[in-house]
Amino acid sequence: MSAEDAKKLRNPVSYTKASIAAGRSTYQRQCTGCHGADGKATVDVVADATDLTSPQLYKSGISEGEIFRSIKDGAGETMPAFKDQIAKDEDMWHLVNFIRSLWPEGKKPALQDK
Ligand code: HEC
């Protein structure tokens with residue numbers, strides 16, 4: 001997926017508690033080894049993994065589509081692609097919602113009911 005295509009992607013999954021919980025579960029299985037349990041990448045983590053709680057530190061874009069692409073296709077030199085491990089786009093979008101829930105108040109989206 002090109003960077004331009006990623007910008008145009010829209011998240012079809014609402015930002016709900018259920019979606020964030022589903023994303024958290026995938027995150028805990030696949031992502032904590034490098035980004036840490038809290039997403040800050042401070043303890044026992046791979047050097048240079050992005051602190052996911054600080055959108056201003058992201059190098060590959062912070063739109064929903066860009067985050068989707070970073071996870072699906074990988075990012076930089078060391079973030080692996082997860083398109084095989086996370087085969088369903090829906091699960092990828094849950095992960096995008098979870099990641100945005102780590103952002104500070106004011107930056108994260110408003111919770112939706114359904
Ligand atoms: C093998 C270690 C590793 C694993 C596992 C890993 N990441 Fe990463 N991730 C990285 C590194 C290193 C970067 C920084 C890449 C760069 O230099 O741009 C990164 C970057 C990212 C970015 C882009 C941030 C930016 O700078 O724009 C996102 C989003 C992300 N990771 C999410 C995830 C998610 C979600 C998972 C689990 C599905 C995951 N990562 C698993 C190492 C990892």
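Contact means heavy atoms within 4.5 Å. The model is predicted: local features need pLDDT of at least 70, side-chain atom pairs count only at pLDDT 80 or more, and totals for chains, interfaces and linings use all residues. Residues are numbered from 1 along each chain as its sequence is written, and side-chain values use heavy atoms, with hydrogens and water left out.

**Exercise 1. Overall fold**

Task: Work out which secondary structure elements the protein has, and in what order they run.

Solution:
- Step 1. Count the elements. The protein has 5 helices and 0 strands. Helices (H or I, at least four residues) and strands (E, at least two) are DSSP runs, numbered from the N terminus.
- Step 2. Read the order. From the N terminus it is α-α-α-α-α.
- Step 3. Look at long-range pairing. Take the contacts in the protein with a separation of 6 or more; 58% of them come from residues 24 or more positions apart.

**Exercise 2. Dimensions and surface**

Task: Test the radius of gyration of the protein against that of a compact globule.

Solution:
- Step 1. Set the rule. The radius is taken over C-alpha atoms, and the globule rule is 2.2 Å times the number of residues to the power 0.38.
- Step 2. Apply it. For 114 residues, a compact globule would come near 13 Å; the protein has 13 Å, so the two agree.
- Step 3. Add the extents. The C-alpha trace spans about 35 × 30 × 25 Å along its principal axes.
- Step 4. Check burial. Of the 114 residues, 38% count as buried. Buried means under 20% relative accessible area, exposed over 50%, partly exposed in between (1.4 Å probe, protein chains only).
- Step 5. Check the surface. About 6800 Å² is exposed, and carbon and sulfur atoms supply 50% of it. Areas come from the Shrake-Rupley method with a 1.4 Å probe; for residues, only the protein chains shown count as cover.

**Exercise 3. Helix α4**

Task: Explain why helix α4 is described as largely enclosed.

Solution:
- Step 1. Count. Helix α4 covers residues 64–73, and 7 of its 10 residues are buried, so the rest of the structure largely encloses it.
- Step 2. Name them. The buried residues are Gly65, Glu66, Ile67, Phe68, Ser70, Ile71 and Lys72.
- Step 3. Find the partners. These buried residues pack against α1 (3–8) and α5 (89–101).
- Step 4. Look past the end. Just after α4, Gly74 takes a positive phi of about 90°.

**Exercise 4. Leu9**

Task: Place Leu9 and list what it touches beyond its sequence neighbours.

Solution:
- Step 1. Locate it. Leu9 sits in the loop between α1 and α2 (17–30).
- Step 2. Classify it. Leu9 has 27% relative accessibility, so it counts as partly exposed.
- Step 3. List contacts. Setting aside neighbours within four places in sequence, Leu9 is in contact with Met1, Gly65, Phe68 and Trp93. Gly65 and Phe68 are among the buried residues of α4.
- Step 4. Compare sequence with space. Leu9 and Ser63 are 54 residues apart in sequence, and their C-alpha atoms are 8.8 Å apart.

**Exercise 5. The loop between α3 and α4**

Task: Trace the contacts of Thr50, then classify Leu57 and Lys59 as buried, partly exposed or exposed.

Solution:
- Step 1. Locate Thr50. It is in the loop between α3 (32–35) and α4.
- Step 2. List its contacts. Beyond neighbours within four places in sequence, Thr50 is in contact with His35, Gly39, Ala41, Leu57, Tyr58 and Lys59.
- Step 3. Take Leu57. It lies in the loop between α3 and α4. Its relative accessible area is 46%, so Leu57 is partly exposed. Leu57 contacts Thr50 and Asp51, leaving aside neighbours within four places.
- Step 4. Take Lys59. It lies in the loop between α3 and α4. At 68% relative accessible area, Lys59 is exposed. Lys59 touches Asp48 and Thr50, not counting residues up to four places away.

**Exercise 6. Cysteines**

Task: State how many disulfides the structure holds, and classify Cys31 and Cys34 by accessibility.

Solution:
- Step 1. Apply the cut-off. A disulfide is a pair of cysteine sulfur atoms within 2.5 Å. The structure holds 0 disulfides.
- Step 2. Classify. Cys31 is buried at 13% relative accessibility, and Cys34 is partly exposed at 32%.
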